[in-house]
Amino acid sequence: MSFATLGLSPAVLLAASKKSYITPTPVQAAVIPAVLWGEDVLAQAATGSGKTAAYVLPLLHLMTTGSSKVLILVPTRELAVQVGDEIKGLLAALGKMTRPIKLATVFGGVAINPQMMQLRGGADVLVATPGRLLDLIDKNSVRLEFFNTLVLDEADRLLDMGFAAEINRILALLPAKRQSLFFSATFPDEVTALAEGILHQPSHVTIENTEINQPDILQRAISVDAHARTALLAQLIQDNGGQRVLVFVASKQGAEQLANQLYAKGINAAPFHGEFSQGRRNQVLAEFKSGSLQVVVATDLAGRGIDIDGLPFVVNYDLPRSPIDYTHRIGRTGRNGASGCAISFVTAATEAHFRLIESRTHIRLTREVIASFEPQQTSALAVPNPGGVKGVRMSKKDKLRAAAARAEKE
Ligand code: AMP
């Protein structure tokens with residue numbers, strides 16, 4: 001199935017393809033047509049199912065072809081930022097293909113004034129946590145009577161976090177005639193009751209937790225010094241008995257260099273990156289598929305084209321730049337019901353970055369240490385008060401790490 005069959009406008013289809021959304025996930029295939037029909041939707045879907053794009057894509061269609069104004073309520077600042085970023089990316093991809101659509105993202109725990117400025121002149125799509133939204137309403141920065149579309153994202157967490165009263169206040173301020181979309185991973189009684197109070201004859205979407213939707217991927221993180229990664233990788237490859245491994249690195253040069261080093265250690269490895277001709281790419285893929293090539297060392301862009309059933313191992317030798325890249329990378333394994341394992345090498349310098357990836361993808365992995373590869377360098381995060389001892393000055397690198405750690409905590 002492709003997005004083109006779901007009824008989305010050519011502009012939104014093009015934006016989706018620019019974001020590399022080629023095949024709709026099951027929740028998208030079910031939700032998008034219902035939203036385009038103007039129906040209310042009650043969907044059981046967890047993070048990772050593609051639920052955000054399931055409502056954002058059709059709502060962008062409705063906003064660009066009509067006069068919808070959309071309020072998206074989310075439980076946390078993290079989810080607000082994530083949903084805001086997804087919309088921002090799609091709006092950038094839409095570019096000048098449509099009328100300008102103004103997005104505002106607001107959440108608590110930060111100064112309210114910049115958010116009030118952001119809301120001057122209104123917003124077409126507003127992503128908000130409930131408490132901060134009510135503060136902004138009290139300050140006359142938002143008027144809800146113009147929002148004719150409501151999305152509740154992660155409704156179960158909204159209730160878990162004690163936002164029931166806030167949600168009821170917000171509902172009372174919204175127009176009674178509106179389209180409402182309700183997403184929740186779980187449906188305990190109070191969530192069902194909330195849904196019943198909000199939705200009008202909704203389309204029910206339940207995505208079974210099949211292996212395809214929830215790939216069986218064991219995620220691991222290994223703490224290791226940067227310079228020891230190649231030797232550790234070689235050992236892991238040799239220990240796993242000839243199974244195929246897809247290794248991700250940050251650059252073309254890195255791919256070439258690491259593949260050469262592995263080859264020199266007697267491992268049948270090849271690089272794979274964007275500068276290869278189509279013919280060469282096809283050849284590497286064919287050899288990897290047949291198993292005659294054991295290891296492929298790829299960059300992010302090239303690696304997205306690798307779709308191999310039964311690929312058991314992905315290794316992040318260099319960490320991905322973004323949580324989205326992380327999701328794409330680990331999704332190369334555990335495909336079509338097979339199980340897989342994704343290992344990330346975390347160094348002292350990349351610990352803060354990996355924590356950010358963990359928080360955005362809602363995971364927390366134990367850092368493993370492999371015998372003979374115990375890290376000698378410690379991350380700034382592991383040091384309680386780096387530079388706090390009189391007479392010891394922090395290096396520039398340590399200052400940067402500490403700043404990253406602080407930013408991550410905020
Ligand atoms: P979500 O469940 O909304 O948190 O989405 C999980 C991840 O999948 C996000 O990084 C999306 O950008 C990505 N994603 C959503 N839909 C698709 C799709 N149809 N194809 C590829 N990636 C997708």
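Let's start at the ligand, where one of its oxygen atoms sits 3.3 Å from a polar backbone atom of K51. Please keep in mind that this is a predicted model. Right beside K51 in the sequence is T52, and a polar side-chain atom of T52 lies 2.6 Å from an oxygen atom of the ligand. A nitrogen atom of the ligand has a partner as well: a backbone N or O atom of T23 is 2.9 Å away from it. How much of the ligand does the protein bury? Taken alone, the ligand exposes 490 Å², and 86% of that is buried by the protein. As for the elements around it, helix 3 and helix 4 are the ones that give two or more residues to the shell. The shell counts 14 residues, and those that come nearest are Y21, Q28, G48, G50 and T52.

Now, on to the cores. The largest nonpolar core has 46 residues, and the members that touch the most others are V31, Y55, L57, L59, L60, I72 and I87. Which elements each supply at least two residues of this core? They are helix 1 (10-18), helix 2 (26-36), strand 1, helix 3 (51-65), strand 2 (70-73), helix 4 (77-94), strand 4 (125-128) and strand 6. Helix 3 makes the largest contribution, with 9 residues. So helix 3, which we met at the ligand shell, turns up again here as the main supplier of the core. If you'd like one residue to click on, try L57: leaving out residues up to four places away in sequence, L57 touches F3, L8, V12, A16, Y21, I32 and L90. You may recognise Y21 from the list of residues nearest the ligand. There is also a second, separate core of 33 residues, and I198 is one of its members, along with L71, V142 and L144, among others. As a general background, nonpolar side chains in soluble globular proteins tend to be buried together.

I198 takes us nicely to helix 9. Helix 9 covers residues 189-198, and its buried residues are V191, L194, A195 and I198. Why do these line one face of the helix? Seen down the axis of helix 9, they fall within an arc of 100 degrees, so they share that face. The textbook picture helps: an α-helix has 3.6 residues a turn, so residues three or four places apart point the same way. On the other side of helix 9 you'll find D189, E196 and G197, which are exposed. And what covers the buried residues? The cover includes strand 1 (41-44), strand 5 (149-152), helix 7 (155-160), helix 8 (164-173) and strand 6 (179-184).

One more stop, further along the chain: Q219, in strand 8, which spans residues 216-223. Is Q219 buried, exposed or partly exposed? With a relative accessible area of 22%, Q219 is partly exposed. The side chain of Q219 makes a polar contact of 2.7 Å with the side chain of Y326. Beyond Y326, and again setting aside residues up to four places away in sequence, Q219 touches I330, A342, I363 and L365. Take I363: Q219 and I363 are 144 residues apart in sequence, yet 9.0 Å apart in space, C-alpha to C-alpha.

Finally, let's zoom out. The protein chain has 16 helices and 14 strands, and 50% of its 410 residues count as buried. Among contacts between residues at least 6 apart in sequence, 73% join residues at least 24 apart. The accessible surface of the chain is about 19,500 Å², with 53% of that belonging to carbon and sulfur atoms.

How values were computed: Residues are numbered from 1 along each chain as its sequence is written. This is a predicted model: local features need pLDDT of at least 70, side-chain atom pairs count only at pLDDT 80 or more; totals for chains, interfaces and linings use all residues. Side-chain values use heavy atoms; hydrogens and water are left out. Buried means under 20% relative accessible area, exposed over 50%, partly exposed in between (1.4 Å probe, protein chains only). Helices (H or I, at least four residues) and strands (E, at least two) are DSSP runs, numbered from the N terminus. The arc is that of the directions from the helix axis to the C-beta atoms. Contact means heavy atoms within 4.5 Å. A nonpolar core is a set of buried Ala, Val, Leu, Ile, Met, Phe, Trp, Tyr and Cys residues joined through side-chain atoms within 4.5 Å. A polar contact is a pair of N or O atoms within 3.5 Å; within protein, one must be able to donate a hydrogen and the other to accept it, and residues adjacent in sequence count only if both atoms are side-chain atoms. Accessible areas come from the Shrake-Rupley method with a 1.4 Å probe; for residues, only the protein chains shown count as cover. A residue is near a molecule or strand if one of its heavy atoms lies within 4 Å of it.
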